[in-house]
Structure formats: C-alpha cells, structure tokens
Amino acid sequence: MEQSKTVGLVFIEKFADWEFGLLAASAVEWFGARAVALTPEAGSVRSIAGFQLAGERGLTPQENEDLDAVALIGSDNWASPDAPDVTPLLKAVAERGGVVGGICAGTLGLARAGLFEGRGHTSNGREWINKHAPGYAGAEAYQDVPHAVSDGSIVSAPGSAPGTFAAAFLEALFPERAETVGEMRELFAREHAAA
C-alpha cells in the first residue's frame, strides 16, 4: 500500500484566508495526503479576516523531516523585515526532492531562498516581486501570467490564483495522478465558464 504523503502549509500573521483551502482540502480528500499547519514557534496566528489558527509545528527543518511538500501561504507580512526566515526549511524539503510552493507574498520566501534560480515562476507582478526581493536569483525567468506556474518541483502563483495553485502543486506532488488533477481543474474551471 502506498504511504500517504505529508504536506506542510506555512502560515504567518495575517495570512490570506482564500489561498489555502482548495490546496489543503483537495490534498486530504482527493489524494489521501496529510496536511499539517506550520507557524512560527508552532504558535497561533490570525488570518486577514481575524480567524485564529493554531500551528501544529514550528518552521525548522528538524521538526519537519517527514514533509514531502511545503507551501507558503500569502500574507503581507512576508514583505516585512520581520518575516520569518524559512530558507532552511524550504531548502531541506527541496534537497530531498519534495515540492516547494508559494502563493502571493509567500513567493518571497522562495525568492529569498534562491529557489527560483533557473526556474519559471510567477508572483503578484514583476515590479512587485522585484520591489520586495531586489536582485533575487532567477528574476529573468519570471512569467507575468494570472495563473500558477510549475517548473519541476517548484510551484508559484499570484494571490488571485488559489485554484491553479492547488492543481499545479498537487500535480507536482502526485505526477501519477494526472487524471485526478485534470478532474480538479475541470471542476474549478466550471465556476468561470460563461453562463
């Protein structure tokens, strides 16, 4: 029997309520994964709407050696000088072949960790990411598109694209389940079809 995969979702203060639901729920319900909430010091954080989330683990590689994938959920606080340094965690997951993703301002963590070097990626706009991560490695591979971009095991998306982020992330994590990912994409797309 195939062993379940574990996905860590990183939340910091004022995380974006709309950016993680499709990914977390789909990973668990459709793919049988285990989702865990990672926060600074495994503490509680509040969303933009004010909902409180209790972290199960902190952000160190040692606490997360079982992760097959990690996703940074957006928050304006990623652009702050006080944003947590998640580089060791992201690099540890990437080095063991795991999927690493970021949506909205969560893409700044990947840029700062050097994970966009030589990889197609996107964010909240070319000017936006260059303003908040000036001179980051891989800036020349930026793609100015309104949907998620996947390049190998690195997945990125603007904050307005939680649906394509979830699909691209899960496709990278479960390449053998392309048919299920296709069903997901079709289901999500129905909402935007002409009436």
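Let's start at helix 2, whose buried residues are covered by elements including strand 1 (6-10), strand 2 (34-38), strand 5 (69-72), strand 6 (99-103) and helix 3 (107-112). Helices (H or I, at least four residues) and strands (E, at least two) are DSSP runs, numbered from the N terminus. This is a predicted model, in which local features need pLDDT of at least 70 and side-chain atom pairs count only at pLDDT 80 or more, while totals for chains, interfaces and linings use all residues. Residues are numbered from 1 along each chain as its sequence is written, and side-chain values use heavy atoms, leaving out hydrogens and water.

Helix 2 spans residues 87-95, and its buried members (under 20% relative accessible area, with a 1.4 Å probe and protein chains only) are Thr87, Leu89, Leu90, Ala92 and Val93. Just after this helix, Gly97 has a positive phi of about 85°.

Now for the largest nonpolar core, a set of buried Ala, Val, Leu, Ile, Met, Phe, Trp, Tyr and Cys residues joined through side-chain atoms within 4.5 Å. Among its 33 residues, Phe11, Leu23, Phe165 and Phe169 touch the most other members. Helix 5 (162-173) gives this core its largest share, seven residues. Beyond residues up to four places away in sequence, Phe165 is in contact (heavy atoms within 4.5 Å) with residues including Leu23, Ala71, Ile103 and Val155. A second, separate core has 27 residues, among them Leu115, Tyr136, Tyr142 and Ile154.

Finally, visit Thr180 in helix 6 (residues 178-190). Thr180 counts as buried because its relative accessibility is 16%. Setting aside neighbours within four places in sequence, Thr180 contacts Trp30 and Phe31.

Methods. Buried means under 20% relative accessible area, exposed over 50%, partly exposed in between (1.4 Å probe, protein chains only).
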